Amino acid sequence: MEKILIIGAVGGGATAAGQLRFYNKDAVIKLFDRDSVMSYAACGTPYAIGEVIEDEETLLMADPEQFKEKRNIEVYLRHEVMGIDREKKNIQVKNLMTGEEFLESYDKLILSPGGTAVVPAIKGSETADIFSLRSYNDMLAIKQYIESRNPQSCTISGGGFIGLEMAENLKELGIDVHLVHKSDYIMSILDEDISREIEKELLLNEVHLQTNAYITEIDGRSQTLSNGDVLETDFIIMSVGLAPNVSLAKNADLKIGVTGGIVTNDYMQTNDPDIYTIGDASENFDLVTGEPKRVPLAWPAHRQAYIVAKHINGEPIAKKGLLGTSIVKIFTLTAAMTGLNENKLRELEIPSVSLIHNGNSNAGYYPDHGKLKLKIHYDPNTREIFGAQCLGTKGVDKRIDVIATAMYAGLTVDDLQALELCYAPPYSSPKDPVNMAGYKADKN
């Protein structure tokens, strides 16, 4: 009887366990996680803090009892895996509640260790209330702080996904927000012109924004910035990045790649064929360039869990490259992207041209319509689509989803003309913005 151990019981790990049980009714499957909860919707935590999601427990997708009763899968929470012995094929586990340590053998091992929020070492950090948001318990800590201390102001360090989502949700709670970002413009995965529009939206909603700046020193409620400015706020949220949890893999001599993630092959196997890695800590490759790529988002983790389950079950399905398709809400705006941005194309010296279509989300005469900006990068000769971005108040996700599908299928920018997309006045136009982009490309 095959024995499969999984380290990490959140999105990727819990999904892998469920998929494995679906395909194999007899295997022994055990999950280990150092946290006190499992299988939670991490992407929903900013909205639980902002009380858009009123009951944070709705983010909990499962618990150990459900996994045992419905799937015959054992889950060990508050258990930290201390080491992997590849030769003996066992892991060393520590019960964080009792301090007891024990060994657990495996036939196959799946690593889904996730990542840890980067919290830079700043002089005076110990004098302030500083949080990061990476886990369910991080969310509870922030909520408890807000409810018990009634803070009036916050500094958010970092203008990526979490930074922007927290800025909006804290403003909705009536908290004054200062957003500090080290680079020239926020959301560096986007092109500058798209990011500048997001910055305008932040300012319209009275978020105090400072770019080209970062916190150099902290003294209680005071934060000195690299540009010399001093902010006075009640607490700080650090959202400057995510470091993949690879210490277990390193200690077991598993190969670490140029992205800092654990190198995997087409079936998510590491350099040890009996050990797989999925999720935030796994290194994959870019669909467009074939370069190493690490995408710490939910969709890749869930897809990789399926690939691993199929491979262990003897039905191999090779992974495809990643596009990094992603989306974020910023007050009234939505921004989404897929594939490569302008900076990456310049860095790789890939010849490309770009088109921009400014239009409506749906029929302009229909009362409920919004404006959107669709931008596509492509090869002027082969017409291959390299990437796309969209910004607007409605219908942004639909357009980027269509283009991500086109890229996956190998369609050219000219093929976008011919896509037969659904139309009715509340939803689109006879020529959808995606179609219009294809027609515009025909002139280049």
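**A walk through the salt bridges, a first strand and a cavity**

Let's start with a charged pair: D414 and R383 form a salt bridge, with their closest N and O atoms 2.8 Å apart. This contact ties together distant parts of the chain, since D414 sits in the loop between α10 (396-409) and α11 (433-441), while R383 sits in the loop between β25 (371-378) and β26 (385-392), 31 residues apart. With a relative accessible area of 22%, D414 is partly exposed, whereas R383, at 13%, is buried. Elsewhere, D191, D193, E342, K373 and K375 are joined into one network by salt bridges that share partners. Keep in mind that all of this comes from a predicted model.

In total, the structure holds 29 salt bridges, and a couple of them sit within single helices. Take α4 (residues 136-149), where E147 and K143 lie four residues apart, about one turn of the helix. Their side chains meet in a salt bridge at 3.9 Å, N to O. What about burial here? E147 counts as exposed because its relative accessibility is 58%, over the 50% cut-off, but K143 counts as buried at 9%.

Helix α6 (residues 192-204) has a pair with that spacing too: E192 and R196 are four residues apart, about one turn of the helix. The closest N and O atoms of this salt bridge are 2.9 Å apart. E192 is partly exposed at 34%, and R196 is also partly exposed, at 25% relative accessibility.

Now jump to the start of the chain. Strand β1 (residues 3-7) is mostly covered, with five of its five residues buried. In a regular strand, side chains alternate between the two faces of the sheet. In β1 both faces are covered: K3, L5 and I7 are buried on one side, and I4 and I6 on the other. β1 runs parallel to β2 (residues 28-33), joined to it by five bridges, and K3 has V28 as its bridge partner there. To get from β1 to β2 the chain passes through helix α1 (residues 11-23), making a right-handed β-α-β crossover. β1 also runs parallel to β7 (residues 108-111), with four bridges between them; in β7, I110 is the bridge partner of I6.

Finally, look inside. There is one cavity of 30 Å³ or more, and the largest cavity has a volume of about 30 Å³. Its lining includes F161, M187, I189 and L190, while β22 (326-330) and β23 (333-339) each supply at least two lining residues. By class, the lining has nine nonpolar residues, one polar and no charged ones.

Methods: Residues are numbered from 1 along each chain as its sequence is written. This is a predicted model: local features need pLDDT of at least 70, side-chain atom pairs count only at pLDDT 80 or more; totals for chains, interfaces and linings use all residues. Side-chain values use heavy atoms; hydrogens and water are left out. On a 1 Å grid over the protein atoms alone, a cavity is a set of points where a 1.4 Å probe fits but cannot get out, and a pocket is an open set with protein on both sides within 12 Å along at least five of seven lines; lining residues have an atom within 4 Å of a point. Grid points are joined across faces, edges and corners, and a volume is the space filled by probe spheres set on the points. Ala, Val, Leu, Ile, Met, Phe, Trp, Tyr, Cys and Pro count as nonpolar, Asp, Glu, Lys and Arg as charged, and the others, Gly among them, as polar. Buried means under 20% relative accessible area, exposed over 50%, partly exposed in between (1.4 Å probe, protein chains only). Two strands pair if DSSP finds at least two bridges between them. A crossover is right-handed if, with the strands pointing away from the viewer, the path from the first strand over the helix to the second runs clockwise. A salt bridge is a side-chain nitrogen of Lys or Arg within 4 Å of a carboxyl oxygen of Asp or Glu.
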